[in-house]
Amino acid sequence: MGDKKISRDELSAILDLHKRWIETKAAEGEQAVLGPFDLSGIDLSGANLSNANLCMATLNDANFSDANLYNASLRYAEMNRVNFRTADLNHADFSNSEMDNADFTGSEMTSTNLSNSVMLNARFVGANLRA
């Protein structure tokens, strides 16, 4: 999993470029690639990370409540005790990830890929899990 640390300034620059990438439909900016990083404890509540690459990231105790992770890739990520409450996780790929005690309460998860993931004690109260 990701063990490389990232400064708040570096993360802010990546998120700004990603925002521009989304707004211009990839004509400008850059897709966020946060996979090699340890972002444990980060608060990204309400962030727009649609189509972001978080493969192999370490995100333990992170807060993604109300975040937009539509079509994001979180394959092989370590996400224990993560808060995904009311997040948009439609079409996101969580395959082969570890999400013990994750909270998906009220999240939108249409066509979300959870194959081969470990989710001991994960909560899905009110989550929309349609295929």
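These are my notebook entries on the salt bridges in this predicted model.

Setup. I number residues from 1 along each chain as its sequence is written, and I use heavy atoms for side-chain values, leaving out hydrogens and water. Since the model is predicted, local features need pLDDT of at least 70 and side-chain atom pairs count only at pLDDT 80 or more, while totals for chains, interfaces and linings use all residues.

Entry 1, count. I took a salt bridge as a side-chain nitrogen of Lys or Arg within 4 Å of a carboxyl oxygen of Asp or Glu. The count by this rule is seven.

Entry 2, helix H1. I looked up arginine 20 and found a salt bridge to glutamate 23, with the closest N and O atoms 3.8 Å apart. Both residues sit in helix H1 (residues 8-23), three residues apart, about one turn of the helix. Helices here are DSSP runs of H or I, at least four residues, numbered from the N terminus. Arg20 and Glu23 also belong to a salt-bridge network with Glu28.

Entry 3, exposure of arginine 20. My classes are buried (under 20% relative accessible area), exposed (over 50%) and partly exposed (in between), with a 1.4 Å probe and protein chains only. Arginine 20 is partly exposed because its relative accessibility is 35%.

Entry 4, aspartate 61. Its side chain meets that of arginine 81 in a salt bridge at 2.8 Å, N to O. The two residues are 20 residues apart, both in the segment after H1. Aspartate 61 is partly exposed at 41%, and arginine 81 is partly exposed at 44%.

Entry 5, aspartate 103. I found a salt bridge between aspartate 103 and arginine 123 at 3.9 Å, N to O. Both lie in the segment after H1, so the pair ties together parts 20 residues apart in sequence. Aspartate 103 counts as buried at 8%, whereas arginine 123 counts as partly exposed at 38%.
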